[in-house]
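Work through the exercises below with the coordinates open beside you, and try each task before reading the solution under it.

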Amino acid sequence: MLAIAAVTLSTMHQSSLGSLFLLMPDKLAQQWWSPVMPVNFFLSSIAAGTALVILVEMWMAKAWKRELRTTQLAAMGKVAFLALAVY
C-alpha cells in the first residue's frame, strides 16, 4: 500500500508540475516548451517511481539479509523500461 501511495503521489506531483510549466511558457526556454509537457512529466515520474521502488527493495534485502525477489524486480524493471520507451 505504501508503494502504491508513493507512486500515485509522485505521478500527481510531476504531472501538475508539467501543467504549471504549460501555463507559463515565458518562464521556460523556447526549445524546452511543448504542449505535451504534462504527459512527458507523467511518464518520467512513472519510470522514476518504479526505479526507486526497485532500489529500495534491493536496499531492504541487503539490510535485512534476505534474498532478492528477482522475478518481481524484473517485472517492475519491465514497467520502468516500457515507461522510458514510451517517453
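## Exercise 1: Overall form

Read along the sequence, the chain runs in the pattern α-α-α, with helices being DSSP runs of H or I of at least four residues and strands runs of E of at least two, both numbered from the N terminus. The model is a predicted one, in which local features need pLDDT of at least 70 and side-chain atom pairs count only at pLDDT 80 or more, whereas totals for chains, interfaces and linings use all residues. Residues are numbered from 1 along each chain as its sequence is written, and side-chain values use heavy atoms, with hydrogens and water left out.

**Task.** Establish whether the chain is more spread out or less spread out than a compact globule.

**Solution.** Begin with the inventory of elements, which is three helices and zero strands. The radius of gyration is 16 Å, well over the 12 Å that the globule rule gives for 87 residues, so the chain is more spread out than a compact globule; here the radius is taken over C-alpha atoms, and the rule is 2.2 Å times the number of residues to the power 0.38. Next, take the extents of the C-alpha trace, which spans about 50 × 25 × 20 Å along its principal axes. One pair to inspect is P25 and Q72, which are 47 residues apart along the chain and whose C-alpha atoms are separated by 41 Å. P25 itself sits in the loop between helix 1 (2–23) and helix 2.

## Exercise 2: Surface and burial

**Task.** Find what share of the residues is buried, and which residues form a nonpolar patch on the surface.

**Solution.** Start with the burial count: buried residues make up 18% of the 87 residues in the chain, where buried means under 20% relative accessible area, exposed over 50%, and partly exposed in between (1.4 Å probe, protein chains only). The chain exposes about 6,600 Å², of which carbon and sulfur atoms supply 73%, the areas coming from the Shrake-Rupley method with a 1.4 Å probe and, for residues, only the protein chains shown counting as cover.

Then turn to the patch, which is formed by L52, L55, V56, W59, M60 and W64 and has about 620 Å² of accessible area together. Patches are made of residues with over 30% relative accessible area and no salt bridge, with like charges joined within 9 Å and nonpolar side chains (Val, Leu, Ile, Met, Phe, Trp, Tyr) within 5 Å. As a check on one member, L55 lies in helix 2 (residues 37–63) and is partly exposed, because its relative accessibility is 34%.

## Exercise 3: A charged network

**Task.** Determine how many salt bridges the structure holds, and which residues they join into one network.

**Solution.** The count is two salt bridges, each being a side-chain nitrogen of Lys or Arg within 4 Å of a carboxyl oxygen of Asp or Glu. In one of them E57 pairs with R66, with the closest N and O atoms 2.9 Å apart. In another, R69 pairs with E57, with 3.1 Å between the closest N and O atoms. R69 lies in the loop between helix 2 and helix 3 (70–86) while E57 is in helix 2, so this pair ties together parts that are twelve residues apart in sequence. Through shared partners, the salt bridges join E57, R66 and R69 into one network.

Finally, compare the surroundings of the three residues. E57 counts as buried because its relative accessibility is 11%, while R66 is partly exposed at 35% and R69 is partly exposed at 41%. Not counting residues up to four places away in sequence, E57 touches R66, L68, R69 and L73, a contact meaning heavy atoms within 4.5 Å.

## Exercise 4: Two residues to contrast

**Task.** Decide whether T50 is buried or exposed, and do likewise for K65.

**Solution.** T50, which is placed in helix 2, is buried because its relative accessible area is 8%. Leaving aside neighbours within four places in sequence, T50 is in contact with M76, V79 and A80, and its side chain reaches the backbone oxygen of I46 at 3.0 Å. K65, by contrast, is found in the loop between helix 2 and helix 3 and counts as exposed, because its relative accessibility is 75%. The phi angle of K65 is near 50°, a positive value in a residue other than glycine.

Methods. Polar contact = N/O pair within 3.5 Å; in protein donor to acceptor, adjacent residues only side chain to side chain.
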